[in-house]
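Biologist: I should like to learn how to read the features of a protein model. May we go through one together, beginning with its overall make-up?

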Amino acid sequence: MAGTESAATTAPAGGLLNGGGGDRPEEKRPRLGAAPASSSSWPGPAGNRVTVVLGAQWGDEGKGKVVDLLSLDADLVCRCQGGNNAGHTVVVDSVEYNFHLLPSGVINHSATSFIGNGVVIHLPGLFEEAEKNLKKGPGLEGWETRTVISDRAHLVFNFHQAVDGIQEQQRQQQAGKNLGTTKKGIGPAYASKASRTGLRICDLLADFNEFSKKFKVLAQHYKATYPALNIDTEAELQQLKTYAEKIRPLVKDGVYFMYQALHGPSKKILVEGANAALLDIDFGTYPFVTSSNCTVGGVCTGLGIPPHYIGKVYGVVKSYTTRVGVGTFPTEQDNEIGELLQSRGREFGVTTGRKRRCGWLDLVLVKYAHMINGFSALAVTKMDILDTFEEIKVGVEYQLNGKRIPYFPANQELLNKVAVEYKVLPGWRCSTEEARSFGDLPSEAQGYIRFIEEYLGVPVKWIGVGKSRKSIIKLF
């Protein structure tokens, strides 16, 4: 044994990570395909890079506006996760469009919109969303002709939505506290997916008899689990059969579609993240989170994109902090300040209409989001909402039991106990709504932006000062 250990320590450094076979480290594993002449000069894989826009707080940061801006010259705009629990608002020519499943970039008639395999789709909700927006203005005219849906995307059924409501009611009765879900069936649909009982778009469009059998088994499972659940199986199947023919022209093999987009002619590809970092199922303030990965990793798994095709990753940060529903909120202002932020910012959820809780900007939280996502630059939105404040506070440090902690606590009970240390910055007490360049902003507003940049070590690329497309300042 001693001799074996000695041989192991003096053997050449091969192993699997260095290309060896492990047992015989001196042998290199053959490459798949031709190796570049010089790895140091190899420029990396050819193909188009993907630009990603992600929320850096608890959602409602204004991602839709940034996506709308970037999608003006995009060729492809993608959704990679979530469902119609998301809510993005875009204002074009004084018309306000609300999106839940469709990418905000669908307004660009020159771009293709793609709903990836990581998205869960409630078909009645998809078409209802399109119809509502069609009545508002011309932005969605012909949306079906420029929309592609992945055949691997899972379906949300009406009974998933009913179960979502029942589960919330049970949580309230049993623990006195619900999760604050949108009751759109997203959690139950992802649960079906994880338990391998879910059904996908490709199942719906294949053999409908086989689909119907699987649907009935799934429905029966939920009926057995929730006896009060009422499911009209035949009526829902008939509805799904109708929607199957409506979406059939839109559906493609999602993996091959994205592969072609990455490796074909030069394209500008944009990914619109739904929800936000602190709602991520793995990294968010669990259990008060959504049911998907809304951080950058979800782009790869939700669209079938290799990591090295991710280009710029832009984080969207509201100039203060809001949260819908329940859950820990360290910088929340449950007072006149919070009420003023709520009223000035018109903070109501796009999807649920619920009043949003409001508080000061929490840079500890945003830094945590940056640790996970590696933001290339930031968009700071709704700066104009702070126009009336004499002083503005920014959360810069968490303390637990009187000691500074350099991390964002995972446990909700611990997070509830943190004391926030604030940096007090001067307000500007004047309107920023007409500002169209950084120089147009009052010096105090400029200082607010520079403080954010210095704390996070990430440049701010855009500043939002109003609702319209014109009300955004580009710094570089």
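Modeller: Let us begin with secondary structure. This is a predicted model, and the protein in it has 14 helices and 20 strands.

Biologist: How many of the residues count as buried?

Modeller: A residue is called buried when its relative accessible area is under 20%. Of the 476 residues of the protein, 52% meet that criterion. The area that the protein exposes is about 22000 Å², and 51% of it is supplied by carbon and sulfur atoms.

Biologist: What do the contacts say about residues that lie apart in sequence?

Modeller: One takes the contacts between residues at least 6 apart in sequence and asks what share joins residues at least 24 apart. In this protein, that share is 74%.

Biologist: How should I read a single helix, for instance α14?

Modeller: One may compare its span with the expected one, at 1.5 Å a residue. Helix α14 covers residues 443-456, and the distance from its first C-alpha to its last is 20 Å, close to the 20 Å expected. Just after α14 comes G457, with a positive phi of about 70°.

Biologist: Which residues of α14 are buried, and what covers them?

Modeller: The buried residues in α14 are A445, Y448, I449, F451, I452, E453 and L456. Their cover includes the helix α12 (363-373) and the strands β14 (361-362), β15 (377-381), β16 (391-400), β18 (419-426) and β19 (460-464).

Biologist: What volume does the largest pocket have, and how is it lined?

Modeller: A pocket is an open space, whereas a cavity is one from which the probe cannot get out. The largest pocket has a volume of about 870 Å³. It is lined by 33 residues, of which T89, E96, G345, K382 and K467 are the closest to its centre. At least two lining residues come from each of α2 (63-71), β3 (88-92), β4 (95-99) and α11 (336-344). β3 supplies the largest share, four residues.

Biologist: What is the chemical character of that lining?

Modeller: The lining of the largest pocket consists of 14 charged, 13 polar and six nonpolar residues.

Biologist: How many cavities of 30 Å³ or more does the structure hold?

Modeller: There is one. The largest cavity contains about 40 Å³ of space, and its lining is formed by K65, D68, L69, L72, R469 and I472. Three of these residues come from α2, which gives the most. By character, three lining residues are nonpolar and three are charged, with no polar ones.

Notes
Residues are numbered from 1 along each chain as its sequence is written. This is a predicted model: local features need pLDDT of at least 70, side-chain atom pairs count only at pLDDT 80 or more; totals for chains, interfaces and linings use all residues. Side-chain values use heavy atoms; hydrogens and water are left out. On a 1 Å grid over the protein atoms alone, a cavity is a set of points where a 1.4 Å probe fits but cannot get out, and a pocket is an open set with protein on both sides within 12 Å along at least five of seven lines; lining residues have an atom within 4 Å of a point. Grid points are joined across faces, edges and corners, and a volume is the space filled by probe spheres set on the points. Ala, Val, Leu, Ile, Met, Phe, Trp, Tyr, Cys and Pro count as nonpolar, Asp, Glu, Lys and Arg as charged, and the others, Gly among them, as polar. The expected span of a helix is 1.5 Å times one less than its number of residues. Buried means under 20% relative accessible area, exposed over 50%, partly exposed in between (1.4 Å probe, protein chains only). Contact means heavy atoms within 4.5 Å. Accessible areas come from the Shrake-Rupley method with a 1.4 Å probe; for residues, only the protein chains shown count as cover.
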